[in-house]
Amino acid sequence: MSKYITTPIYYVNGEAHIGHAYTTFIADSVARYEKLRGEDTYFLTGTDEHGQKIEESAQKNGKDTQAFADEISATFKNLWDEFGISYDKFIRTTDDAHKKGVQRAFEVMYAKGDIYKDFYEGHYCVSCETFFTETQLVDGEFCPDCGRSTNVIKEESYFFRLSKYEDALLKHYEANPDFIMPRSRANEVINFVKGGLRDLSVTRTSFTWGVKMPESIKDDKHVMYVWLDALLNYVTALGYGTTEANMRYWPASVQLVGKDILRFHAIYWPAFLMSLDLPLPKHIGAHGWWTRDGEKMSKSKGNVISPKQVSDAYGVENLRYFMLREVPFGQDGDFSQRAFIDRINSELSNDLGNLLNRIIGMSGKYSDFEIDSVDVLKYHKKEIDAMNVVLDSLDAYMQNLQTHRYLEELWRLFSIGNKAIEEHAPWVKMKEDKKDEALATVALVANILAKASIMLHPIMPKTTNIIADTLNFKIDNASYKELVVNKNLLKLFNIKQTPPLFPRIEEPLMPEAPLAHPDAHKEAPKAVAQCAKEQDNLIEIGQFFQTSLKVGIVVEAEIVPKSSKLLKLKVDLGEENPRQVVAGIREFYTPESLINTHVCVVANLKPAKLMGMLSEGMLLAAKDEEGLCLIRPERPKKAGTPIG
RNA sequence: CGCGGAAUAGAGCAGUUCGGUAGCUCGUUGGGCUCAUAACCCAAAGGUCACAGGUUCAAAUCCUGUUUCCGCAACCA
């Protein structure tokens with residue numbers, strides 16, 4: 001049976017980050033594993049290049065949209081090539097074949113009655129050119145972005161009859177408990193579906209950068225909208241709707257996604273496939289996210305990790321090992337250099353690398369580097385049996401994407417090797433004139449290393465090839481069958497002297513908070529530019545006096561429930577009634593400390609609703625990286641005193 | 001009652017699907033070994049499995065409730 005492994009196609013709106021690398025590493029390892037086992041395997045990755053955002057980004061950069069997409073797409077492809085990702089195809093949604101395939105799929109769904117034309121109704125802000133849902137609007141009318149009033153607009157759209165597939169989807173989840181991996185995520189999806197599915201708008205008329213409508217449906221003003229276009233890549237890559245050349249790989253054996261896009265892959269995608277009468281993928285694997293030293297990565301914190309930077313510092317294979325070993329599949333993981341270095345030193349250097357060095361040293365001294373497995377079974381039946389148990393247990397872990405358990409188990413082999421050396425102490429046997437026993441132990445360890453490196457090959461392809469070279473064999477399907485499946489031992493050979501594979505790392509190799517972009521120090525001149533810009537942005541004094549600033553006295557203050565930042569205040573501005581002001585200062589002031597204190601208030605601001613509460617003014621405050629403080633009059637003034 | 005995740009040894013985490021002696025790594029302490037990358041091996045100390053109930057012969061695991069923490073969403077007027 002053939003295997004088909006996919007990553008999501010990555011959106012070309014920014015550079016590859018650590019999450020992209022993580023998904024790709026997992027997929028690459030699974031694909032390499034299947035290939036090693038001799039399965040007919042196809043591994044797909046690529047880029048998602050359509051949509052309004054790309055159109056806009058290209059414009060901002062003053063580039064032709066296609067040229068812009070080409071450029072970013074290439075950065076992904078180049079990075080994967082540099083990382084040695086073994087993809088069979090790198091698909092781009094701007095590929096002709098993909099577009100044709102999507103159009104074909106659209107026709108099939110349309111013919112089946114699963115796609116129909118209707119109106120997409122929503123609150124539209126003309127200046128922002130964006131639709132908002134009712135709950136997003138301020139005061140039920142105003143645009144949350146620009147504050148202008150919105151109109152209810154009907155936009156023509158084609159809809160996919162998602163609602164029709166509700167029951168079929170639920171049945172499928174029930175009949176295939178492993179469809180969503182890890183299973184703990186399945187409930188989320190099931191509950192969402194049970195909550196009812198609304199038909200899905202699958203075309204837009206508000207932009208043009210997308211797959212055109214099929215010619216058979218004469219409706220040029222529409223283009224396909226994200227998910228239909230993007231999800232179909234998994235079959236168009238195999239030739240769906242065009243050559244059909246590789247459709248034998250469908251259905252996919254595993255499709256990897258981040259947990260943020262699980263819903264689309266576990267609901268929309270299977271529904272599309274049902275509509276197309278195609279079988280559903282065997283598994284959707286949803287992995288977690290990476291944090292940095294316990295904190296969420298974000299550009300504003302400057303703690304985003306660039307995979308390129310880490311691999312430059314530590315090596316891409318070490319990074320692959322770390323990411324797949326550190327985190328149980330599906331859970332969030334934390335990247336810290338401390339944890340990374342610990343794993344490299346203790347597992348790669350001490351357990352694996354050092355073990356190889358031990359037998360190179362011994363074989364050199366005892367047998368002029370010659371290693372012969374002839375007496376291994378005679379003296380090491382126990383170790384061989386233990387090793388075979390481990391080797392047989394590994395497949396289940398990989399099939400379930402539990403790479404951390406796979407590697408944990410695999411590492412037992414090195415422990416068996418290190419213990420055997422200790423127990424049999426070949427240096428003692430040599431003194432006792434039992435050379436055959438000493439050499440058997442060395443050969444045992446050589447065999448352990450050979451078999452372990454075959455199984456480690458999917459995760460660390462280059463390094464394990466070096467080990468194999470040292471042990472005079474090649475890692476391929478033939479040696480996999482010979483040494484792992486049939487459990488045979490290495491033939492007589494001469495071991496190569498090889499420098500340590502994993503030098504110990506004593507100090508972190510990257511600055512503690514590496515920035516995503518090596519040229520991020522360009523940030524500094526930006527502040528200067530902003531000052532200069534303010535000089536160009538001078539206002540008349542009259543404009544300033546349009547703002548009514550007043551001294552106010554806080555008469556009431558309370559926490560807004562369920563919000564982390566907001567306090568609800570009543571402020572006396574010398575008017576009939578105190579004003580209600582909602583202020584985002586909860587992190588810095590307790591309600592009690594504010595009562596009966598003076599504040600400065602912008603008094604003629606248009607009221608706004610925050611968390612459903614009216615705010616009739618704004619407090620003046622100064623904020624820097626250390627926090628926020630209110631601006632207050634130096635001496636007490638009457639409530640309502642104007643500031644000017 | 002917006003959605004979701006988490007709480008297990010000094011630290012970081014497995015184990016929970018399917019109830020059956022609480023485990024791994026690092027660190028600490030003591031010992032051993034010299035083939036090896038200050039590596040390796042053995043041993044020890046260290047846990048009321050967040051809390052409270054319940055089901056059970058038996059609960060980290062299943063059920064109910066509670067607390068705390070972290071994301072997302074919301075939100076800095």
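1. Threonine 24 is buried in this predicted model. Its relative accessible area is 0%. The cut-off for buried is under 20%, so threonine 24 falls within it.

2. Where does threonine 24 sit? Its place is in helix H1, which covers residues 18-36. Leaving aside residues up to four places away in sequence, threonine 24 touches Thr7, Tyr10, Phe43, Trp80 and Ile85.

3. Now the cavities. The whole structure has three of 30 Å³ or more. The largest cavity has a volume of about 40 Å³. Its lining includes His50, Gly51, Phe207 and Trp209. Asp229 is also part of that lining. By class, the lining has five nonpolar, three polar and one charged residues.

4. Next, RNA strand B. There are 44 residues around the strand. Asn354, Gly584, Leu605, Leu610 and Gly617 come nearest. These 44 residues divide into 17 nonpolar, 13 polar and 14 charged.

5. Which part of RNA strand B lies within 4 Å of the protein? Of the strand's atoms in that range, 71% belong to sugar or phosphate, and the rest belong to bases.

6. Look at single contacts. A side-chain N or O atom of arginine 504 is 3.1 Å from a phosphate oxygen of RNA strand B. Lysine 419 places a polar side-chain atom 3.4 Å from a phosphate oxygen of the strand. Methionine 362 uses its backbone: an N or O atom there lies 3.4 Å from a sugar or linking oxygen.

7. Helix H12 (337-367), helix H14 (403-424), strand E20 (579-583) and strand E22 (608-610) each give two or more residues to the surface near RNA strand B. H12 gives the largest share, twelve residues.

Terms used
Residues numbered from 1 in each chain as written. Chains lettered and ligands numbered in written order. Predicted model: local features only at pLDDT ≥ 70, side-chain atom pairs only at ≥ 80, totals over all residues. Heavy atoms only, no water. Helix = DSSP H or I, 4+ residues; strand = E, 2+ residues; numbered from the N terminus. Buried < 20%, exposed > 50% of the residue type's maximum accessible area, 1.4 Å probe, protein only. Contact = heavy atoms within 4.5 Å. 1 Å grid on protein atoms, 1.4 Å probe; cavity = no way out; pocket = protein on both sides within 12 Å on 5 of 7 lines; lining within 4 Å. Points joined across faces, edges and corners; volume = space filled by probe spheres on them. Nonpolar A, V, L, I, M, F, W, Y, C, P; charged D, E, K, R; others polar. Near = heavy atom within 4 Å. Polar contact = N/O pair within 3.5 Å; in protein donor to acceptor, adjacent residues only side chain to side chain.
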